[in-house]
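Here is a short tour for anyone meeting this structure for the first time. Have the sequence and the 3D view open as you read.

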Amino acid sequence: MPWDVLIFYLIAAVCVLSAAGVVVARNPVHSAIFLVLCFVNIAATFVMMGAEFLAVVQVIVYTGAILVLVLFVLMLVNPDDLPEFHAARPVQRYVGLLLGAILLLEVGAAIVTRSVSGEQGTATPDNIAAVGGNTQALGRVLYSDYLLAFEVVSLVLLVGVVGAIVLALPERLGERPSVARRGSISLSHPRGVDAALPEGRPAGETLIPTRHSTSPTRASGAVATGNDREVSAGPTPTGVVRDLVMTRDADAFGHMGDKR
Amino acid sequence: MNDQPLWLTFIVAFTAMNVLLAGMAYMTWFERKVLARMQDRLGPTRTGPAGLLQPIADGIKLLGKEDLIPAAADKPVFFFAPLVIFVTAIVSVAVIPFGGTVEIFGRDVNLFAADLNVGALFILAFGSLGVYGIILGSYASASRYPLLGGLRAAAQVISYEIVLGLALVGVFILSGSLSLRDILARQQETLSLGPIDIPNWFILSQPIAFVIYTIAAVAETNRAPFDLPEAETELAAGFHTEYSAFRFSFYYLGEYINMIVISLFASTLFLGGTGGPGSDRFWGLGIFWLLAKTIVFLFFYIWLRATLPRFRYDQLMGIAWKVLLPLVLLNIVFTAFIRLVANGELEIPVWVWIAVAVAVVALLALSLRPGGGGEAAPARTSAVGGD
Amino acid sequence: MPVETQTLGENWLVVGLMLVSAFSMGMLLLTLNKIMAPSKPSAAKAAPYESGMPDIEPVRPSYSPRFYVVAMLFVIFDIEAIFIFPWAVIFDELGTYGFVEMVSFIGLLFVGYIYAWKKGALEWV
């Protein structure tokens, strides 16, 4: 059927082009989008080969889960904090080239030994139809012949859970709920002014001065904007003065609270 | 009967798509009317009889609005992100069976677009692709509210996606297939309980899964009380804040189409789909029953919105991860176990059953005791007022 | 009910056609919008929406790493779900053997789940 072939070439072309796009794109999010496109097209080639279940898994796991994770990270991380995207060290370049070549050889070897000279396996369309479909056929093999591999997968996933938590969750996050709620920015009174709070100021706080405190920037600002603010200031009883504090590191603020 | 030409199948599919779009338009009318009635108002009344032309007027109005693009936006992504959510939502309807093969104008027509061997997973897969509409739209807007709303929405959707998928496992165990047509056929059988015959709908054998599925479906479609991604009091409009004109309406369309598809899906999986009195004699009745069940679902959605206040975000994630996920895993193991016993694979002595029953009752009593068991969420409400 | 089928290729071809037609439907609506809508761009319209406040800092605020942990857990449980689906479908064939297999699989992952819970990975705020 020439139509099959035509559609295959269309899908394959989109696949290859989007894979190239992943490498070429300057913006990491664009790279991720190209990768999504590539994965969806790979799923389409799976469908063309009759592997429906695999195609759906490809979409659910790779595009629906793993790339969502990638996009999350890209959105969470400030792009300025990322290492230079296209300035890999020469060593990495050579290693990448080498790994690519090895992969190509592996794929080539698989094609030659299996589809050119290898003998036909049992997963023929007729056999698959006989057991009721693709999913059923896969399940039969997976839960009998490859039982050990399947159980090892659960171990691997377990390690994955532990790894994710150890790597991504700073230790203090674990104790969070015991401490009062902490936002990323908290507006509060500076330490030492409010009797209820302990003395001193934790690291990471920036003072945003109000009209009562003196700081060089405010003084120069007052000159520029006119001095109507200074007029309204008047004498203030000590102890009522309250400055606005922006806490960059919210946790430093919270730990102060813990100490009392 | 493999002689249905492709164009005919496509006509069926295309009809289904357009009916879905029209259904979506009238879903907005329905929602406004029902909400209004629940709040002792009238809802739209001016455009056409009982406001029936309101959705059309809305559509035309949205077509005539200026399409604004923020200067900082990532333009190509901004252009295509809304289409993603629209296309994935609408294509999911392909696997919903509206009936078997019927004769229309002397021709055999299959009343479904595609009978995929993996139909149920197909809907889940397209649902997971829909997340990209949210993530990319919020990223491309390069604005604070969309970014926050998008992250929230994506985290919420992926959390409930697992629950949604796992809730269906019980149905798969009972039907032995992922194809929606097989699942439907299995539910057409009758169960005899003594003198009465009842249809073998999976809601009867999988009530817990059904409840979990319903909760997860509401969360998955970002509807109240799980509509945190667009919590207007804190996030403006959430991930589509920067969108206007018809690009905005794709998000709107996507949300409603998703609701309808997920309701159709639930009706097919749990409520016997096209099954109902007379549906085996006339195919039109089958479609009627399917749509009736779907409308009940949609009414329930609106009812929830009118009744419940919004959750807090930690409660929302807590429900998915701490309540529904263990519950759904338990349901799977439990269903499998019962199935084993029902198949006669496992012989269980009577005293074990009695012991289990006593243990369950004891556990229930313990967890219902004030201060015991329970989940953690309500206990932490005191922490909120902190800042 | 007679068993009637479309071939696998036909089924998926229809899905492909639906994708194409839904996409073109969307593009058509967008084009209509472009024709019908006015276009008077201005600097204020192109500014990001901030509820009327002027934009103060470049938009890339940092967010909680918890989103990352949730995504990571999602990947793991998604894979678990994928393994459960084919098992569920052929459950009747596998019998007790399959039941024990899956209970140990879910049990092992449940250990990870409890670990995540104890470590506070499921907590927000």
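Chain C touches chain A through 41 residues, and 41 residues of chain A are on the other side of that contact. Keep in mind that you're looking at a predicted model. On the chain C side, three helices each put in at least two residues: α1 (8-36), α3 (66-89) and α4 (91-118). The top contributor is α3(C), with 18 residues. As for what kind of residues chain C brings to chain A, that side has 30 nonpolar, 5 polar and 6 charged ones.

Chain C also meets chain B. Here 73 residues of chain B are in contact with 61 residues of chain C. On the chain B side, the helices that each supply at least two residues are α1 (6-38), α3 (75-91), α5 (144-167), α6 (169-175), α11 (245-270) and α13 (313-342). Which of them gives the largest share? That's α13(B), with 12 residues. Sorted by class, the side of chain B that touches chain C splits into 49 nonpolar, 14 polar and 10 charged residues.

While we're on chain C, have a look at how its domain assignment divides it up. Domain 1 covers 7-36, and domain 2 runs over 64-125. Measure from one C-alpha centre to the other and you get 36 Å between domain 1 and domain 2 of chain C.

Now for chains A and B themselves. The table puts some of their numbers next to each other.

| Chain | Helices and strands | Buried residues | Contacts with a separation of 6 or more that join residues 24 or more positions apart |
|---|---|---|---|
| Chain A | 11 helices, 3 strands | 19% of 260 residues | 60% |
| Chain B | 14 helices, 4 strands | 51% of 387 residues | 76% |

If you'd like to walk along chain A, the pattern to follow is α-α-α-α-α-α-α-α-β-β-α-α-β-α.

Chain B has a helix pair that's worth zooming in on. The axes of α11(B) and α12(B), the latter being residues 283-307, come within 9 Å and cross at roughly 125°. Are these two helices parallel, perpendicular or oblique to each other? An angle of roughly 125° falls outside the ranges for roughly parallel, antiparallel and perpendicular, so the pair counts as oblique. The crossing of α11(B) and α12(B) is right-handed.

You can pick out the residues where these helices meet. From α11(B) come M259(B), I260(B), S263(B), L264(B), A266(B) and S267(B), while α12(B) offers L290(B), K293(B), T294(B), F297(B), L298(B) and Y301(B). By class, this contact between α11(B) and α12(B) has 8 nonpolar, 3 polar and 1 charged residues.

One last stop in chain B is L52(B), which you'll find in the loop between α1 and α2 (54-63). Is L52(B) buried, exposed or partly exposed? It takes 20 or more neighbours inside 10 Å to be buried and 12 or fewer to be exposed; L52(B) has 14 C-beta neighbours inside that distance, so it counts as partly exposed. Its link back to α1 is worth a click too: L52(B) and W29(B) are 23 residues apart in sequence, and their C-alpha atoms are 7.1 Å apart in space.

Conventions: Residues numbered from 1 in each chain as written. Chains lettered and ligands numbered in written order. Predicted model: local features only at pLDDT ≥ 70, side-chain atom pairs only at ≥ 80, totals over all residues. Contact = placed C-beta atoms within 7 Å. Nonpolar A, V, L, I, M, F, W, Y, C, P; charged D, E, K, R; others polar. Axes fitted to C-alpha atoms, helices over the stretch in contact; angles between N-to-C directions. Parallel < 35°, antiparallel > 145°, perpendicular 65-115°, else oblique. Left-handed = near helix turned anticlockwise from the far one by under 90°. Domains from an automatic or database assignment.
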